[in-house]
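Please open the structure in your viewer and keep the selection tool at hand. The tour below proceeds from stop to stop, stating what to select and what is found there.

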Amino acid sequence: MNVPKLRFKEFTDEWKTHKLKDFFSKITKKNKSNSIHNVISNSAKFGLVKQIDYFSKDIANTDNTEGYFIIEKNDFVYNPRKSLEAPFGPICKYNYNETGIVSPLYLCFRCSQLINYDFFEYLFKSSVWYKYIYQNGDSGARHDRVNIKDSTFFLMPIFIPQSKEQEKIAKFLTTVDKKITNLENIITSLENQKKGLLQQIFSQKLRFKDKNGNNYPNWEKKKLGDIATLKNGISKSNEAFGHGKKFINLQDIFNKSYIFNDNYSLVDVTEKELSENNLLKGDVLFVCSSVKREGVGLPCVIMENLIDTVYSGFIIRCRFNINENIYLHYKKYCFLEFSFRKALLKKSSSSANTNINQDNLSKLYVNLPCLEEQTKIADFLSAFDRKLDNQKAQLEHWKQIKKGLLQQMFV
């Protein structure tokens with residue numbers, strides 16, 4: 001029977017079979033004489049959005065839009081570009097009241113009869129759509145795109161319930177989306193609060209007190225190269241990987257604050273290489289090359305001695321001198337604060353990637369309060385991070401719920 005795995009119990013009718021062309025037709029009207037300037041982009045993450053609101057003026061400044069398609073509210077747009085959010089390209093519904101125009105690289109289509117637009121929007125986010133485009137699309141020479149012939153696109157078989165069931169499915173999934181959006185807003189707010197706290201604490205506008213209610217001693221500002229040794233890791237040919245000792249690469253530390261013993265990839269190294277590139281508790285690993293500028297120089301603190309483990313040449317190891325008394329968790333925050341990051345980015349170079357080398361990194365200054373204040377700062381910010389991580393875990397939980405619903409609520 002043409003019914004979904006997961007269904008509201010009051011509905012029992014079989015879903016009717018149709019072709020996409022039974023409901024939609026291709027939009028062919030174009031923007032003649034550049035008369036419309038509201039350029040719309042189809043983003044897998046944000047949906048159909050105004051370029052001027054979401055992108056820089058340089059990107060959004062499109063001089064010639066004569067060949068752009070004109071879209072109206074509730075029209076749909078297919079973007080063939082793949083992404084993490086939409087592995088076979090997103091189809092999004094246009095929700096603005098004002099007329100917009102989109103690139104001729106997109107396929108635009110409009111409903112030719114009265115339907116529940118929200119139901120179809122979720123249909124195009126479900127595994128039903130992704131399965132069809134996977135089976136009928138073509139990546140060709142451009143592996144970042146999935147193209148499909150217009151004729152094939154509109155022959156897509158779809159199964160449609162009665163209007164009341166469409167409405168209930170759409171309302172239910174909209175409620176889930178509202179929960180996800182709410183969590184995303186909470187996370188954004190907390191991240192902004194954290195940035196503000198970091199700036200206040202490390203500019204010393206916000207100070208912690210000792211047990212007698214007095215300020216701690218004045219902070220010291222020390223050059224990183226004077227208090228630590230910096231060293232790049234090792235580079236090996238492809239043949240050296242797959243056996244030998246554990247190997248930490250960029251992917252293992254990127255967007256991570258801490259790192260522990262784990263099952264990492266393997267690399268063949270000599271005893272000398274192992275000795276010179278070992279990793280000990282308290283070391284800080286810096287990303288020295290990143291595609292995204294904001295990713296360069298991010299720190300990752302090693303929380304325990306990593307047994308028989310070396311690290312990549314795209315990582316800089318920072319090992320503090322034995323006489324420097326620095327709280328383990330403080331190391332994470334002192335390298336994330338505004339003035340350090342600003343100085344690091346200023347010292348970085350950009351080509352295809354943004355890079356920082358150990359010489360420039362060694363010239364940066366670190367703010368060091370006394371050990372007791374370091375501990376209070378790190379413990380306070382760690383508690384804030386736990387709250388933030390809890391919200392992120394909830395967000396991921398609800399995203400997985402939505403993913404499961406989209407797999408089970410459509411045929």
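## Aromatic pairs

Across the whole structure, which is a predicted model, a search finds 28 aromatic pairs. A pair of aromatic rings is described by the distance of the centres and the angle of the planes.

Begin by selecting Phe8 and Phe172. Their rings form an edge-to-face pair, with 5.7 Å from centre to centre and 85 degrees between the planes. Where in the chain do Phe8 and Phe172 lie? Phe8 belongs to the segment before strand 1 (16–19), whereas Phe172 is in helix 6 (residues 163–202). The pair therefore links distant parts of the chain, 164 residues apart.Display the surface of these two residues next. Phe8 is buried, at a relative accessible area of 18%, while Phe172 is partly exposed at 35%.

Now move to Tyr78 and Trp129. Their ring centres are 5.6 Å apart and their planes meet at 80 degrees, so this pair is edge-to-face. Tyr78 lies in strand 6 (residues 76–78) and Trp129 in helix 4 (residues 127–136), so the pair ties together parts that are 51 residues apart in sequence. Are these residues buried or exposed? Tyr78 is buried at 3% relative accessibility, and Trp129 is buried at 0%.

Return to Phe8 and add Lys168 to the selection. The charged end of Lys168 sits over the ring of Phe8, at 4.9 Å from the ring centre.

## Strand 18 and its partners

Select strand 18 (residues 299–302). Which residues cover its two faces? On one side are Pro299 and Val301, and on the other are Cys300 and Ile302; all of these are buried.

Strands of a sheet pair through backbone hydrogen bonds, either parallel or antiparallel. Both kinds of pairing can be inspected here. Add strand 14 (residues 258–259), which runs parallel to strand 18 and is joined to strand 18 by two bridges. Within this pairing, Ile259 stands opposite Ile302. Then add strand 16 (residues 284–287), which pairs with strand 18 in the antiparallel sense over three bridges. There, Leu285 has Cys300 as its bridge partner.

## A three-stranded sheet

Next, select strands 17, 22 and 21. In that order they make up an open sheet with antiparallel pairing. Strand 17 (289–290) and strand 21 (349–350) stand at the edges; each has a single partner strand, so one side of each is left without a neighbour in the sheet.

Look more closely at strand 21 and strand 22 (residues 354–355). These run antiparallel and are joined by two bridges. Ser350 stands opposite Thr354 of strand 22.

## Cysteines

For the last stop, select the cysteines. A disulfide is a covalent bond between the sulfur atoms of two cysteines. How many disulfides does the structure hold? The number is zero.

Cys288 is in no disulfide, and the nearest cysteine sulfur, in Cys318, is 13 Å away. Cys288 is buried, with a relative accessibility of 8%.

Select Cys318 and Cys334 to finish. Why is there no bond between Cys318 and Cys334? The closest cysteine sulfur to that of Cys318 is in Cys334, at 8.6 Å, which is too far for a bond, since a disulfide requires sulfur atoms within 2.5 Å. Cys318 is buried too, with a relative accessible area of 0%.

Note on methods. Residues are numbered from 1 along each chain as its sequence is written. This is a predicted model: local features need pLDDT of at least 70, side-chain atom pairs count only at pLDDT 80 or more; totals for chains, interfaces and linings use all residues. Side-chain values use heavy atoms; hydrogens and water are left out. Buried means under 20% relative accessible area, exposed over 50%, partly exposed in between (1.4 Å probe, protein chains only). Rings of Phe, Tyr and Trp (its six-membered ring) pair if their centres lie within 6.5 Å; planes under 30 degrees apart count as stacked, over 60 as edge-to-face and the rest as tilted. Helices (H or I, at least four residues) and strands (E, at least two) are DSSP runs, numbered from the N terminus. A charge sits over a ring if NZ of Lys or CZ of Arg is within 6 Å of the ring centre and within 35 degrees of the ring normal. Two strands pair if DSSP finds at least two bridges between them.
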